[in-house]
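Colleague: I would like to go through this model before planning anything at the bench. Could you take my questions one at a time?

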Amino acid sequence: MTTIDAAHRLPRPEDLPPHERHVHQPHWRTKEAEFDAAKFGMWLFLATEVLLFSGMFCAYAVFRMLHPDAWTNGSHYLDWKWGGLNTIVLLVSSFTMAMSIHNAQKNQQGWLKFNLCFTILCALAFVFIKFTFEYTPKWSGWFFFLDPALHHHVDSGRTALGGLFHFVEGYGGKRPGSLFAYPFAESPYEPIWWSVYYISTGIHALHVLIGVGLISWLLWRAQRRHFGPGHYTAVEIVGLYWHIVDMIWIFLFPLLYLIH
Amino acid sequence: MAHAHAHAADPADPHGDLEGHHGHVIIPVSTLLGVLVVLLFFTVLTVAASRAEVWIASTFNVNIPQSVNVGIAVSIAVIKSILVASFFMQLKYDSAVNTLVFLFCLFAFALFLFITMTDLGARSVVYPYKAGEVIRGGTGNVKWANQPFRRDIKGPVYEFAAKEFTDRVGPAEVAVVREDIMGGHEPGGHGPLAPSTANQSRPARGLTGALDPVPAGAAEPHGEH
């Protein structure tokens, strides 16, 4: 048996947590060069993301300029309280995402996992609010039974999914383009407003769902101690993605919900 | 740790090439928390500004131009974005090349928007009749009749929707539902629309009138006006 006291022996590489074992790829001079290149690559991708949404913002500007009344009428169907709540949810999730990078840098493994979990929960809450209280009633007229707006309307008595959803006659049909079926349109151009609304918030919501997947992947890796002071590239670049999703919502919220 | 900044007296690396110049900044929790608080404050501010505009418009019976609404909303959003980019996305502490990429992208976006808006805004400069060439009625045009869905739409889609609804529930029921959906509640929010009043800045132009109450005996309840 060995005569060296285990306490005085240098740890074997396989005993170290993965983030301390991380070695940069051989084509990089240093770990920092590798990190900076990954981050730069992510910024290039984010530039294409901004350009993707720029098309929608441009469509927004064109049709708002052509049909301001449709925008005013259309925006009145949206509730700034749901939009504002979702803004707060996303801002807090951006904070917890930034905190998780801080935690990785300081090797606070427990807090790292907590903040990643919290970010995922915020993202899911955002999508839940969006679909349950905004998309579903407007598209189809079916209200979630806890929706406060349900009590402002005459309940038709029809329910679905064991009473989870209640139908309000005449409310639904606020759909994009030729799918438009809302009978009380105040402006002839409302279908265009709904097209811009659904495509911009829909692609944003898709980005939030992709973010859920990416942050879940971070959590899976954090569980295996892949991230620490020596290596946290993935946390940082997924964080960048998450912040750009937040930043786009910062513009969508006032431009869609706060028009009058 | 690997990100120590002790590259001053390393004979093998006198210029610090192997250490990484900007290194990794650990942003203090207090800074991140402060940014979050400011962001939440600006969110409240942008909602308050919008509500204030509605209040001013209805109290003093003035029509605030849309440019004011857009200007305030976008200005606050830009301030919030700068905060997110600088601190949460760490551009303040980062290599300047990342900021450059982002700014160049925003420049491309601005150019894109500027040229489109210039075109749209200047169409009537030479030939005035070109100003309003988009036809009334939105997307429910005849050419959409060849779509596999909603192939029965022959006119404006909002008229089609109103007619379809009337055919389904009957004219008597339309009045009841209309009162529920349209009447009596405060404007904005998830709820129904309130009709325009003398003190309310809701624009009257462009109303379809597709389901306006009609005198008894009128055959066509969804005509244009």
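**Helices, core and sheet**

Modeller: To begin with helix H2 of chain B, its buried residues are Asn69(B), Ala73(B), Ile76(B), Ala77(B), Lys80(B), Ser81(B), Leu83(B), Val84(B), Ala85(B), Phe87(B) and Phe88(B). Please keep in mind that this is a predicted model.

Colleague: Which helices do the buried residues of H2(B) pack against?

Modeller: H2(B) covers residues 66-88 of chain B, and its buried positions include Ile76(B) and Phe87(B). Their packing partners come from both chains: helix H1 (29-59) and helix H3 (96-121) of chain B, and from chain A helix H4 (80-105) and H7.

Colleague: What end-to-end distance does H2(B) reach?

Modeller: H2(B) has 23 residues, and at 1.5 Å a residue the expected value is 33 Å. From first C-alpha to last, the helix comes close to that, at 32 Å.

Colleague: Which residue with a positive phi follows H2(B), and is that residue buried or exposed?

Modeller: The residue is Gln90(B), in the loop between H2 and H3 of chain B. Its phi is about 65° although it is not a glycine. Because 21 C-beta neighbours lie inside 10 Å, Gln90(B) counts as buried.

Colleague: How many residues of H4(A) are buried?

Modeller: The end C-alpha atoms of H4(A) are 38 Å apart, which agrees with the span its 26 residues should have at 1.5 Å a residue. The helix is followed by Asn107(A), with a positive phi near 60°. H4(A) is mostly covered, and the number of buried residues among its 26 is 20.

Colleague: Which helix gives the most residues to the largest nonpolar core?

Modeller: That core has 92 residues, and Trp193(A), Ile248(A) and Ala161(B) have the most contacts inside it. The top contributor, with 18 residues, is helix H7 (residues 233-257) of chain A.

Colleague: Why does this core lie between two domains of chain B?

Modeller: In general, nonpolar side chains in soluble globular proteins tend to be buried together. Here the core draws residues from two domains of chain B, so it lies between them: domain 1 (19-94) and domain 3 (136-225).

Colleague: Which residues does Trp193(A) touch?

Modeller: Trp193(A) is one of the residues with the most contacts inside the largest core. Leaving out residues up to four places away in sequence, the ones it touches are Ala70(A), Trp71(A) and Gly74(A).

Colleague: Why is chain A described as more spread out than a compact globule?

Modeller: Chain A has 7 helices and 3 strands, in the order α-α-α-α-α-β-β-β-α-α. For its 260 residues the globule rule gives 18 Å, and the chain is well over that, so it is more spread out than a compact globule: its radius of gyration is 24 Å. The C-alpha trace spans, along its principal axes, about 85 × 45 × 25 Å.

Colleague: In what order do the strands of the open sheet in chain A lie?

Modeller: S1(A) and strand S3 (residues 165-167) of chain A run antiparallel and are joined by 3 bridges; in S3(A), His166(A) is the bridge partner of Phe143(A). S1 and S2 of chain A each pair on one side only, as edge strands. The order is therefore S1-S3-S2.

Colleague: Is Pro148(A) exposed or partly exposed?

Modeller: Pro148(A) sits in the loop between strand S1 (142-144) and strand S2 (159-160) of chain A. Its C-alpha is 25 Å from that of Pro176(A), 28 residues away along the chain. Because it has 14 C-beta neighbours inside 10 Å, Pro148(A) counts as partly exposed.

Colleague: What is the phi of Arg225(A)?

Modeller: Arg225(A) is in the loop between helix H6 (190-223) and H7 of chain A. With 16 other C-beta atoms within 10 Å, Arg225(A) is partly exposed. Although it is not a glycine, its phi is positive, at about 55°.

Colleague: How far in space is Ala175(B) from Ser58(B)?

Modeller: Ala175(B) belongs to helix H5 (residues 171-182) of chain B, and counts as exposed because it has 12 C-beta neighbours inside 10 Å. In sequence, Ala175(B) and Ser58(B) are 117 residues apart; C-alpha to C-alpha, the distance is 28 Å.

Colleague: What share of the residues in chain B is buried?

Modeller: Chain B has 5 helices and 0 strands. Of its contacts with a separation of 6 or more, 39% involve residues 24 or more positions apart. Among its 225 residues, the buried share is 21%.

Technical notes:
Residues numbered from 1 in each chain as written. Chains lettered and ligands numbered in written order. Predicted model: local features only at pLDDT ≥ 70, side-chain atom pairs only at ≥ 80, totals over all residues. Core = buried A, V, L, I, M, F, W, Y, C linked by C-beta atoms within 7 Å. Helix = DSSP H or I, 4+ residues; strand = E, 2+ residues; numbered from the N terminus. Domains from an automatic or database assignment. Contact = placed C-beta atoms within 7 Å. Rg over C-alpha atoms; globule rule 2.2 N^0.38 Å. Expected span 1.5 Å × (residues − 1). Pairing = 2+ DSSP bridges.
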